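Thank you for making time this morning; I would like to walk you through a structure that may be new to you. Please have the sequence and the model open while I talk.

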Amino acid sequence: MLYKQYWFWLMVISAIVFLLERIAPWRKKQRALRPQLLQDFFWLAFNGYLFGRFFVFILKPIKSALFAAFESVFRVAPTLDILHSLPLIAQVLMCLIFLDFIEWCVHNMLHRIGFLWSFHRVHHSIHTMDWIGNFRFHWMELIIYNTFKFLPIALVIGNRWEVLLWVAIISTFVGHLNHSNLFISWGPLRYIFNSPRMHIWHHDKRPSNKVGYNFGIVLSCWDWIFGTAYMPLTRTPEALGFRGDERFPDCIASRFFAPFIDRKS
């Protein structure tokens, strides 16, 4: 059934946020047809759908090997399903909070460790923020994030695919909104939820510190708690990107393989 497929919800969410941008754009002069839009459709298709299809034959044996290693060391299968007794909505909310914190930690590392930043630069090559920018990222990030989330997912929810699907749907919707051309800050709820007006500062080309701000994915509370939040509401960054992005390649092929070759930028 379609509603059980992530790609279906990815299409629905993309269409909704795209229409919202057309109805009530934040930056009135920003065009829907902009430079590198076709490239971003490639990243959307590859990261949102094709990656899983291409690498499933690699990921399955890796998953089996990790499960076997865990079981041999701890004498218990890594599918404890800690939340199994809770209602589905409670499982989704708790899993969302738990995984979002892990993603906040990983996102921090992507900015602080040179090797990881070489991949994350692809995402920060965005110069025009809109919904589809949410999926402009290097495919290695999927491996990095999922490596850190693999064991916690197995321990917390086991094989509950419905929980993972709903968490993915919520994360994708909020991620699309965060990158969208929409004038949203959530008011007092900005201390809990990420928003376009907060996340645009994450893409500031010249942040006042070395690693930047606002690493939250769905929730902003981690940034406020740990002192990495920055959200002026009366202005926007002068430019988006990252220092040295003038030397960063523009074409898809180069961005696909450049992190393995050139990490100087």
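I will go through a surface patch, a pair of helices and then some salt bridges.

Please keep in mind throughout that what you see is a predicted model.

Let me begin at the surface, where Ile-16, Phe-18, Leu-19, Leu-20, Ile-23 and Phe-173 form a nonpolar patch, and together these residues have about 540 Å² of accessible area. Which helix gives the most to this nonpolar patch? It is helix H1, covering residues 6–23, which contributes 5 residues. If you want one residue to look at, take Leu-19, which has its place in helix H1 and is partly exposed, with a relative accessible area of 48%.

From there I turn to the packing of two helices. Helix H3, residues 88–112, and helix H6, residues 161–179, pack with their axes 9 Å apart and at an angle of about 60°, and H3 and H6 are therefore oblique to each other. As for the hand of this arrangement, H3 passes H6 in a right-handed crossing.

The last topic is the salt bridges, of which the count comes to 8, and I will take three of them in turn.

In one of them, the side chains of Arg-34 and Asp-40 meet at 2.6 Å, taken from N to O. Are these partners buried or exposed? Arg-34, at 9% relative accessibility, counts as buried, and Asp-40 is buried too, with a relative accessible area of 1%, the cut-off for buried being under 20%.

Another salt bridge joins Asp-245 with Lys-205, and here the closest N and O atoms are 3.0 Å apart. Asp-245 lies in the loop between helix H8 (221–226) and helix H9 (252–261), while Lys-205 lies in the loop between helix H7 (196–199) and H8, so this pair ties together parts that are 40 residues apart in sequence. Asp-245 counts as buried at 8% relative accessibility, and Lys-205 is buried as well, with a relative accessible area of 11%.

In the third that I picked, the side chains of Arg-255 and Asp-250 meet in a salt bridge at 3.6 Å, N to O, and Arg-255 counts as buried, at 3% relative accessibility.

Finally, let me come back to Arg-34 and Asp-40, since salt bridges that share partners join Arg-34, Asp-40, Asp-130 and Arg-136 into one network.

Technical notes
Residues are numbered from 1 along each chain as its sequence is written. This is a predicted model: local features need pLDDT of at least 70, side-chain atom pairs count only at pLDDT 80 or more; totals for chains, interfaces and linings use all residues. Side-chain values use heavy atoms; hydrogens and water are left out. Patches are made of residues with over 30% relative accessible area and no salt bridge: like charges are joined within 9 Å, nonpolar side chains (Val, Leu, Ile, Met, Phe, Trp, Tyr) within 5 Å. Accessible areas come from the Shrake-Rupley method with a 1.4 Å probe; for residues, only the protein chains shown count as cover. A salt bridge is a side-chain nitrogen of Lys or Arg within 4 Å of a carboxyl oxygen of Asp or Glu. Helices (H or I, at least four residues) and strands (E, at least two) are DSSP runs, numbered from the N terminus. Buried means under 20% relative accessible area, exposed over 50%, partly exposed in between (1.4 Å probe, protein chains only). Axes are lines fitted to C-alpha atoms, for helices over the stretch in contact, and angles run from 0 to 180 degrees between N-to-C directions. Angles under 35 degrees count as roughly parallel, over 145 as roughly antiparallel, 65 to 115 as roughly perpendicular and the rest as oblique. A crossing is left-handed if the near helix is turned anticlockwise from the far one by less than a right angle, and right-handed if clockwise.
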